[in-house]
Amino acid sequence: MKTVDILAPGPMMPMVLEKLAEQFTLHRLWEMDDKEGFIKANAHKIRGLATGGHVKCDSAFLGQFPHLEIITNFGVGYDSVDAKWAGQHGLVVTNTPDVLTEEVADTCLGLLLMTVKEMPQSERWLRDGEWVSKGAYPLTHTTLRGKKIGIFGLGRIGKAIARRLEAFGLEISYHNRRRAEDVAYAYHETLASLAAAVDILISVAPGGPETHHIINADIFKALGPKGIFINIGRGSAVDEKAMIAALQNKTIWSVGLDVFENEPSVPAELIAMENIVLLPHIGSGTHYTRGLMGQLVVDNMTNWFSGKGPISPVAETPYKG
Ligand code: NAP
Ligand code: 8YV
């Protein structure tokens, strides 16, 4: 398959690039001095794109490659790729579902516990010598005991989070566009109704235009002054300014965030807040799981150019054979 030219617009895991380069003629756009010149001269050759969440593959970018067939995305979330446009133009987009589900759910539970039980703050207390100088860390303001949990986006990862929360003995409800038939948790037809009914709201919803700023001032108001918001989905789903205001005005109690609107930039107002927990998008971040995700990127590309079809096409580009 060395006769097939593929393009990586931005950096990816070295393992992915090495394995792709073994089989295909791989062009590393981000390393080139004259990126525009390269595209002008070579766009007609490019048949595959391997990308991650950090490069915007919108219609203007994708439209430059007249013979493009497939875009293999590293990550289950593919909001940086205009998959609708790709589907309308006969392209296939693949993502990396399932292989990261349990890992991301583990991270979410960690983030939830850190936030509710003030673990980063109490660890700082110990490291700063306050245990010795001031005595025991104060009792935490809240607890998971007896709390109602709402999940926004009860899909693969949301269900894995819910299974863990069931073992914690907690009541779970959720909001999706459609009721999930395979669970008995209470369904809310709107996000506002879910937020009003629960103590802790966890977002595992995808990014993209449909969820943009869907978690806004009204949702925080509905969650209430003892409410906690956890985000392991996408930062773009949250109106970050409204969330900062809600924290400053004590409209909600606290947040635990793994994702942000403009990563890796995190608003200074959030960094200044001691009572919240901020993680640098580590949901799937282990060698083990990122390795599985990388392999799936490579396998999708290999399968496609061997004529076997994609392994994990996204909903907007179903494979018809
Ligand atoms: P999934 O199985 O497709 O689940 C997404 C869920 O969200 C579905 O249940 C879907 O239900 C619901 N949903 C989608 N759009 C919605 C909308 N507009 N309003 C209400 N509900 C909506 O995906 P997944 O594998 O669980 O992954 C979920 C997301 O997690 C990814 O898209 C990604 O953004 C994020 N993620 C983050 C990390 C991290 O490191 N922090 C890692 C992996 C994934 P309906 O279709 O019925 O609405
Ligand atoms: C990835 C993620 O690490 O899969 C996703 O949607 O958010 C993470 O697992 C990220 O997309 C890679 O940039």
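## Elements and overall build

Helices and strands here are DSSP runs, with at least four residues for a helix (H or I) and at least two for a strand (E), numbered from the N terminus. With that in hand, welcome to a predicted model whose chain has 13 helices and twelve strands.

The chain has 321 residues and a radius of gyration of 22 Å, which agrees with the value near 20 Å that a compact globule would have. Along the principal axes, its C-alpha atoms fill a box of roughly 65 × 45 × 30 Å. Of the contacts in the chain with a separation of 6 or more, 57% are between residues 24 or more positions apart.

## Surface, charge and cysteines

Buried residues account for 51% of the chain's 321 residues. The accessible surface is about 15,700 Å², and carbon and sulfur atoms contribute 54% of that area. Among the side chains, 31 are positive and 36 are negative, with 3 Å between the centres of the two sets.

If you are looking for disulfides, the structure holds zero. Two cysteines are still worth a look: Cys 57 has 0% relative accessibility and so counts as buried, and Cys 108, also at 0%, counts as buried too.

## Around Val 81

Val 81 sits in the loop that links β4 (70-73) to α4 (83-88). The cut-off for buried is under 20% relative accessible area, and because Val 81 has 5% relative accessibility, this loop residue counts as buried.

What does Val 81 touch, leaving out residues up to four places away in sequence? The list is Thr 51, Cys 57, Leu 62, Ile 71, Asn 73 and Val 93. One of these partners, Cys 57, is the buried cysteine introduced above. You can also check the spacing to Gly 53: this residue is 28 residues from Val 81 along the chain, and the two C-alpha atoms are 8.2 Å apart.

## Around Ser 203

Ser 203 belongs to strand β9, which covers residues 200-203. With a relative accessibility of 0%, Ser 203 counts as buried.

Setting aside neighbours within four places in sequence, Ser 203 makes contact with Phe 152 and Ile 215, and also with Phe 229, Ile 230, Asn 231, Ile 232 and Gly 233.

## Backbone features to inspect

Most residues other than glycine have a negative phi, and most peptide bonds are trans. Against that background, three places in this chain invite a closer view.

Which two residues does a cis peptide bond join? They are Glu 263 and Pro 264, where omega is about 5 degrees. Pro 264 lies in the loop between β11 (254-257) and α12 (268-271).

The other two places are histidines. His 213 has a positive phi, near 55 degrees, though it is a residue other than glycine. This histidine is in the loop between β9 and α10 (217-223); β9 is also the strand that holds Ser 203. Is His 213 buried or partly exposed? At 25% relative accessibility, His 213 counts as partly exposed.

His 281 likewise has a positive phi, in this case about 45 degrees, without being a glycine. Its place is the loop between β12 (277-278) and α13 (287-305). His 281 has 32% relative accessibility and therefore counts as partly exposed.

Note on methods
Residues numbered from 1 in each chain as written. Chains lettered and ligands numbered in written order. Predicted model: local features only at pLDDT ≥ 70, side-chain atom pairs only at ≥ 80, totals over all residues. Heavy atoms only, no water. Rg over C-alpha atoms; globule rule 2.2 N^0.38 Å. Buried < 20%, exposed > 50% of the residue type's maximum accessible area, 1.4 Å probe, protein only. Contact = heavy atoms within 4.5 Å. Areas by Shrake-Rupley, 256 points an atom, 1.4 Å probe, with all protein chains shown as cover. Lys, Arg positive; Asp, Glu negative; His and termini not counted. Charge placed at Lys NZ, Arg CZ, Asp CG, Glu CD. Disulfide = S-S within 2.5 Å.
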